[in-house]
Every structure is written in structure tokens, then in C-alpha cells.
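The exercises below concern a single predicted model. Each gives a task and then a solution in steps.

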Amino acid sequence: MKVGILTGGGDCPGLNAVIRAAVRKGVFHYRDEFVGFMEGWRGVIEDKTMALDLEAVGGILPRGGTILRTSRTNPSKRPDGVERCAATLQKNGVEALIAIGGDDTLSVAQKLHESGIKVVGVPKTIDNDLAGTDYTFGFDTACNIVCEAIDRVHTTAEAHNRVMVVEVMGRDAGWIAMYSGIAGGADVILIPERPFDVDKVAESIRHRHERGLYFSIVVVAEGAKFASESGAPVVQDMGKDEFGHAKLGGIANVLAREIEKRTGYETRAVVLGHIQRGGSPTAFDRVLATRYGLAAIDMVHRSEFGCMAALRANKIISIPLKEAIAKNRTVDDEMIQIAAGLFEKTSERDLSAK
Ligand code: F6P
């Protein structure tokens, strides 16, 4: 069978491990041929391809990024986008397509499935906010990068008696902030799911410093919101990508100013940005991505189209794409309560706006 592969949306470490696993099992066990479509859905619309054989995937397991490159191109934004995708796949003799991406990429995959194209999805995003799977690959690597950054910020905060505000990625869900905040021992964790009262944040920091602790670490997701700002996140500019997403970023700078103004403590902001998506994948992500790639080519040969490989209690299963893209998987109350167990039960610990 001739199988197409593409990587769409924000890149992350592990993409190459998925590609490598799918190609290796496809060649060794199914005698498949593969074609790579470049730059996400743009490569399918514009027929930009590369040969994907054992040689092409040799040595890519530990490499971050994606040999197929990626984009946020949305075929639905073009009047004949879906039709052009179908025509390109037919022209290349592609019988099935493996789409590796987040909710945006996989929502396009669902549209192609509904138009009769045989497509299988693989869940990718550092945000870990895809429904239907316990983990997306890329998330563990991002958390390790942030945890190391928080450890480094700790020593300089302590040296200067400062409050350090660390901004992490996470547009709609605060999984990176939550996991890396717990792992890094943050004193305050702010996530998009719970708009926060900045006066309560300042009060909790003051309370901590009055107990003789002279520094604090605040971890804030880029999509977190000041309760007073009618739920609008802080954006870099008014631009939007082809899926309608704003360019988030900068809440740490605003929050740092507000904390310093209220507490009088020297406060600095660190925005980790795309560092969280760079470099080599962790061992966990290499294994998870490999499992997803192996599952994807098996699903192709079981004709499980319109489905996505998913991790459920450490087993890889196949679920309908519709389930994965229906809504974002946000940080649940159980996880929030777990994190709250690390802090004293005082009134200002509930930082959400009442
Ligand atoms: O979707 C993953 C993600 O890293 C988000 O956390 C972040 O808001 C967004 O991508 C950034 O997109 P871009 O790389 O296009 O600026």
C-alpha cells in the first residue's frame, strides 16, 4: 500500500519518532511505500512531497522538529482546499494518509474523512489538551524543559529576594503549567481554566514572604486570564492564524508589574516561549511517539479510518477523530485539588476570582 504522512500545527520533539516508526513497520511488516507531504496540509494542497523510505528516517529518532516540516495551513480556508487535497493524494497514488497533529490538524483530517479520504490521526501537542488520550507526545519533553528552567530560576530568585514569574505555553489548557509547576515546586500556578484575582495572588505572595521566605516562583500559562479583564488573555498582537488562534504571550510581564506594584517585592518575568518545543525528545516521548507511529500504520491496515491512535491507561487504542476534536481536554478539578494539597489551606490560597 502507498501511504502518505504529514505533520501539522506547532512542532514538538517526537514528531520524527512517529514518522520513523510508521515507516519502519510499514516497510518491514506490510511492504508499504511511503510519501511525505511537506509543511502540513500545505504540502497536500500544493503537492510538495519527499520520498520517505528507510534511509530517509535513518537517525531521526532523537531529532527534534520534523523532517517533513510543518505549517498552520488550513485547507478549509480555501474554497477548493479539500478537493485539492483529494486530487493530490490521488495524483500521488496515496491510498491512505497518516496525519500527525493537534486539534487543528486533526479537525482537517476529520473533514477529509467525511469526504471519503482514508485518514488516520496521531495526537501531537505540547499542550496535552487533546481529548480522548491520556497523553499527547511532546508534553513530557516540554514539562522537562520547563522544570529545568524553574530550577534555574529558583537560585536567582533566592539570591535576589525576588518574585520570578515564569510564563509557559498552553493556549486553552494549563497542563504544562500544572505539571511543571508541581515538578518545579512553584508557589503559585495560574492556568487558563481558572481566571485569577491578582490581588489574591499578591496577598498569597506577601503572606509567604511574611513567614520569612524571601522569594517566590509563579508559573503562569500564556492563556491564563486576569479575572478583571473580562476573560481576555494577553496577546502579542491582533493577528490570528488560519485556525483563528491569537498569538498569545506576555502575561508574565503584565503580571510581574502588578505583583511588584502590590507587594513592593522586586519581581521579574521569564517567558520560555518556543524553547519548550525545541530540542531532542525525552525517552518517555520517544517511546510514546514510537508506539503511536506503530499503531497508526496498523490502523491503516485494519482500515480504522477516521480514527486516532490514543493512550488509555498505558494501552494504545483507536478512537474516533470526532471524539478527539470535540473539545479541548482542560485541567480537571481533581488535578487542581491535588496541587492545592501542597499549600496551606488559607482563604487567599483560592486565587480564582469569586
Ligand atoms: O499548539 C502548541 C503551541 O505551542 C501553543 O502552546 C502555543 O500557543 C502555540 O503553539 C504557538 O504557535 P506558533 O508556534 O504558531 O506561534
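**Exercise 1. Place H29 and relate H29 to R268.**

Solution. Start with the element: H29 is part of helix 1. Next take the accessibility. H29 has a relative accessible area of 59%, and the cut-off for exposed is over 50%, so H29 is exposed. Then compare sequence and space. H29 and R268 are 239 residues apart in sequence, and their C-alpha atoms lie 54 Å apart.

**Exercise 2. Describe how helix 1 packs against helix 9.**

Solution. Step one is the geometry: helix 1 (residues 15-30) and helix 9 (residues 283-301) have axes 7 Å apart and pack at an angle of about 45°. Helix 1 is therefore oblique to helix 9. Step two is the handedness, and this crossing of helix 1 and helix 9 is right-handed.

Step three lists the residues. Helix 1 contributes A17, V18, A21, A22, K25, G26 and Y30, while helix 9 contributes R286, A289, T290, G293, L294, I297, D298 and H301. Step four sorts the residues of this contact by type: eight are nonpolar, four polar and three charged.

**Exercise 3. Carry out the analysis for helix 5 and helix 6.**

Solution. The axes of helix 5 (residues 139-160) and helix 6 (residues 175-183) come within 9 Å, with a crossing angle of roughly 45°. Angles under 35 degrees would count as roughly parallel, and roughly perpendicular begins at 65. Helix 5 and helix 6 are therefore oblique to each other. The crossing of helix 5 past helix 6 is right-handed.

On the helix 5 side the contact involves F139, A142, C143, V146, C147 and I150. On the helix 6 side it involves W175, I176, Y179, S180, G181 and A183. By type, the residues of the contact of helix 5 with helix 6 comprise ten nonpolar, two polar and no charged.

**Exercise 4. Determine what helix 6 does with helix 11.**

Solution. Helix 6 and helix 11 (residues 333-340) have axes that come within 11 Å and cross at roughly 25°. Helix 6 is therefore roughly parallel to helix 11. The crossing is left-handed.

W175, M178, Y179 and I182 of helix 6 meet M335, I336 and A339 of helix 11. The residues of this contact of helix 6 with helix 11 divide into seven nonpolar, no polar and no charged.

**Exercise 5. Classify aromatic pairs and find a cluster.**

Solution. Two values are required: a pair of aromatic rings is described by the distance of the centres and the angle of the planes. Over the whole structure, six aromatic pairs are found. Take Y135 and F139: the ring centres are 6.0 Å apart and the planes are at 25°, so the pair is stacked. Y135 is partly exposed at a relative accessible area of 24%, whereas F139 is buried at 2%.

A second pair is F196 with F226, at 4.8 Å centre to centre and 50° between the planes, and this pair is tilted. F196 sits in the loop between strand 7 (188-190) and helix 7 (198-210), and F226 in the loop between strand 8 (216-221) and strand 9 (235-240), so the pair ties together parts that are 30 residues apart in sequence. Both F196 and F226 are buried.

For the last step, follow the ring pairs: they link Y135, F139, W175, Y179 and F284 into a cluster. Of these, W175 and Y179 also appear in the contact of helix 6 with helix 11.

**Exercise 6. Examine two residues with positive phi, then a C-alpha separation.**

Solution. E39, a residue other than glycine, has a positive phi near 60°. E39 lies in the loop between strand 2 (33-37) and helix 2 (41-46), and is buried with a relative accessible area of 10%.

N128 also is not glycine, and its phi is positive, near 55°. N128 belongs to the loop between strand 5 (119-123) and helix 5. With 1% relative accessibility, N128 counts as buried.

Last, consider A86 in helix 3 (residues 81-91). A86 is partly exposed, with a relative accessible area of 30%. A86 and L112 are 26 residues apart along the chain, and their C-alpha atoms are separated by 7.9 Å.

Notes
Residues numbered from 1 in each chain as written. Predicted model: local features only at pLDDT ≥ 70, side-chain atom pairs only at ≥ 80, totals over all residues. Heavy atoms only, no water. Axes fitted to C-alpha atoms, helices over the stretch in contact; angles between N-to-C directions. Helix = DSSP H or I, 4+ residues; strand = E, 2+ residues; numbered from the N terminus. Parallel < 35°, antiparallel > 145°, perpendicular 65-115°, else oblique. Left-handed = near helix turned anticlockwise from the far one by under 90°. Contact = heavy atoms within 4.5 Å. Nonpolar A, V, L, I, M, F, W, Y, C, P; charged D, E, K, R; others polar. Phe/Tyr/Trp six-rings, centres within 6.5 Å; stacked < 30°, edge-to-face > 60°. Buried < 20%, exposed > 50% of the residue type's maximum accessible area, 1.4 Å probe, protein only.
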